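This briefing sets out selected features of one protein model, grouped by topic. Please read it alongside the sequence and the structure shown below.

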Amino acid sequence: MSVTKEFAVKIDTELSSWYHKRWDLSSKLDVAEDTKKFYEKHYPTRVDEIEKAIGKIAVIKSEISAVNVEIAKLNKIYNQDPWTRAFLVLASNGHVHSSMDCNTCFPTTRYNWLVQYSNDEESTIVEDAGQDACTICYPSAPAEVLNRPSRIVTADKIAKAEAKAWRDAKKAEKIAKEKANAPTKSGEFLYFKNGKYTEVIKTERSAVTEWFNLQWNREVVTHYYDGTPHTAESILEQEQHNAKNKEKAEIICQSLAEKYGVSFDQQLKILQTKYKKRGY
């Protein structure tokens with residue numbers, strides 16, 4: 001190879017940029033042509049929209065032609081003294097190819113130019129590609145290499161890894177915040193079974209609010225407003241309800257006491273003080 005590594009990388013970096021631009025322009029051209037066909041078929045009287053699409057198609061084709069000129073210039077340089085290249089198909093199971101002319105690919109196949117391997121030895125490319133190496137492009141690749149995971153790092157892989165790391169960090173941050181705000185020392189939520197329904201108290205603030213709410217209607221009402229007495233069954237239901245609320249309030253108080261390392265009585269006093277300050 002008479003060309004230098006630096007030169008090959010420079011040319012291929014420029015070429016990849018032009019190829020990507022042509023791909024984007026081709027996609028825009030497809031949209032513009034579909035728009036033109038749509039109006040011609042369904043709204044033939046919308047001449048303004050049809051002419052607008054025709055004008056857009058002409059502009060895009062002109063831009064593609066200009067890009068093709070730049071691609072041809074750089075390809076001419078490459079063809080004078082070709083060097084090794086590597087292309088990764090942009091797909092979930094994309095393989096690494098030595099060119100964009102592999103018969104396992106299609107005209108619609110899109111590639112990521114691995115310019116970091118331009119002008120490298122084929123063995124180096126295959127060694128890093130591992131199981132992603134195309135066996136048609138690299139028929140001499142050793143079986144042990146083809147059974148090994150790929151070592152190739154692309155901008156896409158880096159972006160995905162960074163995105164995953166960001167999501168994991170956000171998830172960890174959310175969990176840490178939930179634990180810090182939880183009404184228990186362990187960072188867990190409080191669960192209270194109420195028939196088929198399970199109440200979940202996730203934060204210390206909601207636990208304190210619930211404790212405040214449980215202080216209401218603690219006395220058993222034996223008579224209606226008009227003096228009529230409640231039935232024994234009604235009084236029993238009130239007593240059972242109050243006992244259940246008392247137990248729930250005590251669990252909340254005990255959980256908060258454990259969280260802050262104080263006794264039950266100390267935490268109870270703290271809650272009662274807050275309760276009075278709120279004007280309950």
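Helices and strands are DSSP runs numbered from the N terminus, a helix having at least four residues and a strand at least two. In those terms His223 falls in the loop between helix 6 and helix 7 (232-260). The model is a predicted one. The points below cover sheet pairing, nonpolar cores, one helix pair and a few individual residues.

**Three-stranded sheet**

- Three strands form an open sheet in the order 2-1-3, and their pairing is antiparallel.
- Strand 2 (96-97) and strand 3 (111-113) are the edge strands, each of them paired on one side only.
- Strand 1 (residues 87-89) runs antiparallel to strand 3 and is joined to strand 3 by 3 bridges.
- One of the residue pairs across these strands is Phe87 with Trp113, Trp113 being the bridge partner in strand 3.

**Hairpin of strands 4 and 5**

- Strand 4 (residues 190-194) and strand 5 (residues 197-201) are antiparallel and share 5 bridges.
- Phe192 has Glu199 of strand 5 as its bridge partner, and Lys193 is placed opposite Thr198 in strand 5.
- The hairpin has 2 residues between its strands, and Gly195 there adopts a positive phi near 70°.

**Nonpolar cores**

- The largest nonpolar core contains 38 residues, and Leu15, Ala86, Val96, Leu114 and Tyr138 have the most contacts inside it.
- At least two residues of this core come from each of helix 1, helix 2 (47-80), strand 1, strand 3 and helix 3 (122-129).
- A second core is separate and has 14 residues, including Leu190, Cys253, Leu256 and Leu271.
- In soluble globular proteins, nonpolar side chains tend to be buried together.

**Leu15, Ser16 and Asn75**

- With residues up to four places away in sequence set aside, Leu15 touches Ile71, Leu74, Asn75, Arg85 and Trp113.
- Ser16 sits in helix 1 (residues 5-42), and its relative accessibility is 10%, so Ser16 counts as buried.
- Beyond its neighbours within four places in sequence, Ser16 contacts Trp113 and Val115.
- Trp113 is thus listed among the contacts of Leu15 and also of Ser16.
- Asn75 belongs to helix 2.
- Asn75 has a relative accessible area of 19%, which is under the 20% cut-off, and therefore it is classed as buried.
- Outside the four-place sequence window, Asn75 is in contact with Leu15, Tyr19 and Arg85.
- Arg85 is a contact of Leu15 as well as of Asn75.

**Helix 6 and helix 8**

- Two packed helices are described by the angle between their axes and the distance between the axes.
- Helix 6 (residues 204-213) and helix 8 (residues 264-277) have axes that come within 11 Å and cross at roughly 75°.
- With that crossing angle, helix 6 is roughly perpendicular to helix 8.
- The contact involves Val208, Trp211 and Phe212 from helix 6, which meet Leu268, Leu271, Gln272, Lys274 and Tyr275 from helix 8.
- Sorted by class, this contact has 6 nonpolar, 1 polar and 1 charged residues.
- Leu271 appears in this helix contact and in the second core.

**Cys102**

- Cys102 is located in the loop between strand 2 and strand 3.
- The relative accessible area of Cys102 is 7%, so this residue is buried.
- Apart from residues up to four places away in sequence, Cys102 touches His97, Cys134, Ile136 and Cys137.
- From Cys102 to Gln272 the separation is 170 residues in sequence and 78 Å in space, C-alpha to C-alpha.
- Gln272 is one of the helix 8 residues that meet helix 6.

**His223**

- His223 has a relative accessible area of 41%, and this makes it partly exposed.
- Not counting residues up to four places away in sequence, His223 touches Thr228, Pro229 and His230.
- Ile235 is 12 residues from His223 in sequence, and their C-alpha atoms are 9.4 Å apart in space.

Definitions and conventions: Residues are numbered from 1 along each chain as its sequence is written. This is a predicted model: local features need pLDDT of at least 70, side-chain atom pairs count only at pLDDT 80 or more; totals for chains, interfaces and linings use all residues. Side-chain values use heavy atoms; hydrogens and water are left out. Buried means under 20% relative accessible area, exposed over 50%, partly exposed in between (1.4 Å probe, protein chains only). Contact means heavy atoms within 4.5 Å. Two strands pair if DSSP finds at least two bridges between them. A nonpolar core is a set of buried Ala, Val, Leu, Ile, Met, Phe, Trp, Tyr and Cys residues joined through side-chain atoms within 4.5 Å. Axes are lines fitted to C-alpha atoms, for helices over the stretch in contact, and angles run from 0 to 180 degrees between N-to-C directions. Angles under 35 degrees count as roughly parallel, over 145 as roughly antiparallel, 65 to 115 as roughly perpendicular and the rest as oblique. Ala, Val, Leu, Ile, Met, Phe, Trp, Tyr, Cys and Pro count as nonpolar, Asp, Glu, Lys and Arg as charged, and the others, Gly among them, as polar.
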